[in-house]
Amino acid sequence: MATIPNATVSRLVTYLRILDRLEEDEVARTSSDHLAREAHVSAFQVRKDLAYFGRFGTRGAGYVVATLRRELMRILGLTRPYNVAIVGMGRLGEAVADYPKLERYDFRQLAAFDVDPDKVGRDVGGLVVRHVDELSEAVRELDIDIAFLTVPSSAAQGAADLLGEAGVEGILNFAPTVLDPPPDTYVEPVDFLAGLKRLSFYIQQPKLKEETA
Ligand code: NAD
């Protein structure tokens, strides 16, 4: 398979969200024009993104929503369940534990960890917070695939290393620090502050936004 640009993967996630909505609204068929309008890209871009993975839809007749949605789920690896742990049960960890949409894609939150004795033992959204000392054993026992890392920056690399050693495949890193990924572990950063800084850049230099859009 050709190398897939990161931007394509991000757009596939957007197309899937659009298809979820269409399916909820019981719309049976769609087109690259419709997906393009909703995703704010060109229809050529939609077709190009999908073409990395094969041929979808019928020329002139568009796509069957259920089929394209199933294909995108397969491409994005979302047809399998993922067991998830949250490391760092502060304000963000608690908010993430309460996020209801995860189950739709079979992300199963099974464990939560913290170092703070006041937090250990508490029930947060149905998860009993465990001490991080139990992490390795619990990750193996519960077959955890993915961790949400919501610890302070200073603790992030250590926690990531611990998760990698325990066999976690992916880390969604919310801490504002660039992690050295543990071997065989994929790290995906989520940074709300970085988004604000990019926004600030484009607000003060609106011309640049026009040129790069
Ligand atoms: P917080 O201080 O409320 O919570 C952090 C928690 O991590 C605490 O409960 C603390 O006891 C725990 N902790 C510390 N070291 C640990 C370790 N080694 N193992 C397990 N748990 C440990 O902070 P918060 O507001 O919830 O923010 C958490 C992180 O997320 C910070 O790094 C913050 O900068 C970041 N953040 C990111 C975004 C984003 O958009 N990505 C938004 C808000 C906050």
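Let's start right in strand β7, with four residues in a row. Ile146 and Phe148 point one way from the strand, while Ala147 and Leu149 point the other way. And are they buried or exposed? All four are buried. Please keep in mind, as we go, that this is a predicted model.

So who sits beside β7? On one side we have strand β3, residues 82–87, which pairs with β7, residues 146–149, in the parallel sense over four bridges. You can follow that pairing residue by residue. Ile86 has Phe148 as its bridge partner in β7, and Val87 stands opposite Leu149. Then look at β8: four bridges join β7 to this strand too, and the two run parallel. Here Ile146 of β7 stands opposite Gly170 in β8.

Now zoom out with me to the sheet. In what order do its strands come? Reading across, the order is β5-β6-β4-β3-β7-β8-β9, which makes an open sheet of seven strands with mixed pairing. At the edges stand β5, residues 123–124, and β9, residues 186–189. Each of those two has a single partner strand, so one side of each is left without a neighbour in the sheet.

Helices lie against this sheet, and I'd like to show you two of them. Helix α6, residues 135–142, packs on the sheet and touches β3, β4 and β6. Its direction makes about 165° with that of β4, the strand at residues 107–114. Next comes helix α7, residues 153–166, which lies across β3, β7 and β8. Compared with the direction of β7, helix α7 runs at about 170°. If you rotate the structure, try finding β3 and check that both α6 and α7 touch this strand.

Let's move to a pair of helices that meet each other. Helix α2 covers residues 32–39 and helix α3 covers residues 43–51; they pack at an angle of about 105°, with their axes 8 Å apart. That angle makes α2 roughly perpendicular to α3. Which residues of α2 meet α3? They are Ser32, Asp33, Leu35 and Ala36, and on the α3 side they meet Ala43, Val46 and Arg47. Sorted by class, this contact has four nonpolar residues, one polar and two charged.

While we're in α2, take a look at Glu38, which belongs to this helix. With a relative accessibility of 45%, Glu38 counts as partly exposed. Glu38 and Asp191 are 153 residues apart in sequence, and from C-alpha to C-alpha they are 24 Å apart in space.

Here is a residue I enjoy: Arg69, in helix α4, residues 65–75. Is Arg69 buried or exposed? At 12% relative accessibility, Arg69 counts as buried, because the cut-off for buried is under 20%. And what do we find around this arginine? The side chains of Arg69 and Asp20 are joined by a polar contact of 2.6 Å. A second polar contact, of 3.4 Å, joins the side chain of Arg69 to that of Glu23. If we set aside neighbours within four places in sequence, Arg69 is in contact with Leu16, Leu19, Asp20, Glu23, Arg104 and Tyr105.

Two loop residues deserve a stop as well. Asp106 is found in the loop between α5, residues 91–97, and β4. This aspartate has a positive phi of about 65°, although it is not a glycine. At 27% relative accessibility, Asp106 counts as partly exposed. The other one is Asp184, in the loop between β8 and β9. Asp184 also has a positive phi, of about 60°, and again it is not a glycine. How accessible is Asp184? Its relative accessible area is 79%, so Asp184 is exposed.

Let me finish with the whole chain. Its secondary structure comes to nine helices and nine strands. Along its principal axes, the C-alpha trace spans about 60 × 40 × 35 Å. There are 213 residues in the chain, and 37% of them count as buried. Finally, take the contacts between residues at least 6 apart in sequence: 57% of these join residues at least 24 apart. One pairing we met at the start was Ile86 with Phe148, so do go back and find those two in the model.

Definitions and conventions. Residues are numbered from 1 along each chain as its sequence is written. This is a predicted model: local features need pLDDT of at least 70, side-chain atom pairs count only at pLDDT 80 or more; totals for chains, interfaces and linings use all residues. Side-chain values use heavy atoms; hydrogens and water are left out. Axes are lines fitted to C-alpha atoms, for helices over the stretch in contact, and angles run from 0 to 180 degrees between N-to-C directions. Angles under 35 degrees count as roughly parallel, over 145 as roughly antiparallel, 65 to 115 as roughly perpendicular and the rest as oblique. Contact means heavy atoms within 4.5 Å. Ala, Val, Leu, Ile, Met, Phe, Trp, Tyr, Cys and Pro count as nonpolar, Asp, Glu, Lys and Arg as charged, and the others, Gly among them, as polar. Buried means under 20% relative accessible area, exposed over 50%, partly exposed in between (1.4 Å probe, protein chains only). A polar contact is a pair of N or O atoms within 3.5 Å; within protein, one must be able to donate a hydrogen and the other to accept it, and residues adjacent in sequence count only if both atoms are side-chain atoms. Two strands pair if DSSP finds at least two bridges between them.
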